[in-house]
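Reader: Please take one part of this model and go through it closely. I would like the strand pairing in one chain, and then whatever side-chain and backbone details can be tied to it or set beside it.

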Amino acid sequence: MKFNFQGAGIVRGFVETARNFLGSYYDPERLTTVEYPERKLALPENVRTVPFLVYDHDMSGLRCTACKICEQECPAACIKIIKDTVKKSDYLGKSQFQPQVFDIDIAVCMSCGICAEVCPFDSIKMDQVYELATQDRFAPLILHKEQLGKSNAYFHAIHPTDAVETDSLRDEAKRKAETKAAADAAAKAAAAVKPKPEISTTANSQSVGTSATANVEKAVAT
Amino acid sequence: MNSLDQIFVTLKQWLLSYVPTDFQPVGSALLSIVAIIAVFGTAFALTTILERKGLGRIQNRPGPNRVGPCGFLQPMADAVKMLTKEDIVPYAADKVLHYLAPIVLTVPIWLAFAVLPFGRNMSAIELDASIVFFFAVGSASELAVFMAGWSSHNKYSLIGAMRGIAQMISYEVPLVLSTVPVLMLSGTLNLNEIVNAQSGFSFGVGQWNVFTPWGAAGFLLFMIAATAESNRAPFDLPEGESEIIAGFLTEYSGFKYALFFLGEYLGLFAVTGLAVTLFLGGWNAPLAFLNVVPSWLWFFAKFGALIAVFIWARGTVPRLRFDQLLNFAWKFIVPLTLVNIAVAGIWYFSSDHLAYAVRWLICAGIFLGFYELLGRFLSLKRAPRTYRYAE
Ligand code: SF4
Ligand code: SF4
């Protein structure tokens, strides 16, 4: 039905808006918005807000080794890391430093995700929390290690694809390291010469190399 | 029912009986002022919330529904927010003018309410030329807009003020011209008399001006000009926030901003009240048997309906470009109002010679024919619009 007198378009516009007005009362399907605090939409998998730190099992299993790569790469310079003096063994069985302090100022963080890209230990990942408002604009917006640390299960829950991929890469690296360690031990036993102190350094650099390669592959894949 | 109809008049007289005779004129004026401020202040609060809800529904969203039951306390929250905001005056502003502008906008508009008949015997003052008074005080808002724009010392304010002036002056012409047929046919400038002239019933239906061809056309033209005159969408160019931030309101905050907001709505209420009075029979009932309903209720029912139309238009028509706005006023609306005056003359002089229906058809035909031809002529030089993304 098309009328063609002057100003017909305006009349049609009025009819359209009247239809919207009445329709929105009896047809809830029309309402395009969601009443937010009561109803929340499921987030898409790739949503990212601020970073968090992944741990295995509990906080003592924090993957971070305080290598400070993320601190240096962060364009907003909002990460602050202080190395602890104690070491712990990482998932490859090597002894690594722990972060004593790991703070992120989320008031400054711009959610770029570069820290998650560069971390060679798959320790820092992007979170999906978005209700971050606080009463004070300084102290509560600096998240500490305790608030940042979240379990691997949580990581699986929010980024399933990425988490599965990360886990398989880590398993792979671990398997390789174990085979190599076994081979080394066998060679050592077979040769039965006096122990060389360089072995541990070689293995260390190699393991970092593997993990970095894995990271690059991951970046290409995503 | 007559007592209910005159309840406010009786109330006022009863209160005045306690006032010494010498002070009765002053007392009467004060009582009217209090009543008008209370009623239209409430109407302002109610309109803001209903407008936001209505616009929301037009855009398929629920609109504000958080503060109080169904969100109806939202105006209170807005008021608290406005009043507690910091009042910032720019360093380079002309402080006196900056301070005065919101007052100059609001006060004359309150004056305009003084002559509107809200019900039988219910206008604050009786003036013989009340419609002239109405337009005279109404035009003070142009001054306020320019004061605000100039004193803010901000280029956006100044552009907004310039736009405001150009628009208001352009639309003042059709606004006044579209009321001329009513004045011609009722032969008076007194708004009370104009309402009385529409108080008859033919076949049980009220003899409102809007039921005549010149009245219907005049009503539509008046509504368009009134929208522009009160700076409402789609004619809200002076505040076009997508281009010039908030126009002449850019440098206003807190209570002064609220006053501008109030002034704008009061201006809308005043012209709406005038439209009801001139075209929709004022406080008269639409059908003869509905006369039992108090007259002031009829006035406010029509008033509310017209406000709803303004909100509907705001949700429907997109903002015009400035050249379109002025072309529309001078090339289209003004000629149509002039033709409408001629049509009203034909209507008046043919009353003795032709049957009502014939007269009606001839007059409507003349106006509509002219409307269609003028519209076509004005769009001649324009290529037909192609919409790449719509349709
Ligand atoms: S890059 Fe990874 S392992 Fe290194 S300090 Fe940052 S989070 Fe910890
Ligand atoms: S997401 Fe970007 S800005 Fe935020 S901490 Fe990581 S690197 Fe820094």
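Author: In this predicted model, β3(A) and β5(A) pair in the antiparallel sense, over two bridges. One bridge partner can be named: D105(A) is matched with I142(A) in β5(A). This pairing belongs to an open sheet of three strands in chain A, ordered β2-β3-β5 and antiparallel. β2 (79-89) and β5 (142-143) of chain A stand at the edges with a single partner strand each, so one side of each has no neighbour in the sheet. Strands of a sheet pair through backbone hydrogen bonds, in a parallel or an antiparallel sense.

A side-chain contact in chain A involves K87(A), which lies over the face of F97(A), 4.6 Å from the ring centre. A contact of this kind also joins the two chains: R57(B) lies over the face of Y25(A), at 4.1 Å from the ring centre.

The loop between β3 (95-105) and α3 (114-118) of chain A holds S111(A). Most residues other than glycine have a negative phi. S111(A) is not a glycine, yet its phi is positive, about 60°. S111(A) is partly exposed, at 22% relative accessibility. Chain B offers a further case in N231(B), again not a glycine, with a positive phi of about 55°. N231(B) sits in the loop between α11 (213-229) and α12 (241-244) of chain B and is buried, at 5% relative accessible area.

Next come the ligands. Around ligand 2 there are 13 residues, of which C74(A), C109(A), C112(A), G113(A) and C115(A) come nearest. By class, this shell has eleven nonpolar, two polar and no charged residues. Ligand 1 has 14 residues around it, with C64(A), C67(A), K68(A), C70(A) and C119(A) coming nearest. The shell of ligand 1 divides into eleven nonpolar, two polar and one charged.

Over all chains, the structure holds 35 aromatic pairs. One of them is F118(B) with F300(B), stacked at 6.2 Å centre to centre with 15° between the planes. F118(B) lies in the loop between α5 (95-112) and α6 (130-138) of chain B and F300(B) in helix α14 (residues 295-316), so the pair ties together parts 182 residues apart in sequence. F118(B) is buried at 8% relative accessibility, whereas F300(B) is partly exposed at 28%. Both belong to one aromatic cluster, whose members include W110(B), Y257(B) and F303(B).

Conventions:
Residues numbered from 1 in each chain as written. Chains lettered and ligands numbered in written order. Predicted model: local features only at pLDDT ≥ 70, side-chain atom pairs only at ≥ 80, totals over all residues. Heavy atoms only, no water. Near = heavy atom within 4 Å. Nonpolar A, V, L, I, M, F, W, Y, C, P; charged D, E, K, R; others polar. Helix = DSSP H or I, 4+ residues; strand = E, 2+ residues; numbered from the N terminus. Buried < 20%, exposed > 50% of the residue type's maximum accessible area, 1.4 Å probe, protein only. Pairing = 2+ DSSP bridges. Phe/Tyr/Trp six-rings, centres within 6.5 Å; stacked < 30°, edge-to-face > 60°. Lys NZ or Arg CZ within 6 Å of the ring centre and 35° of its normal.
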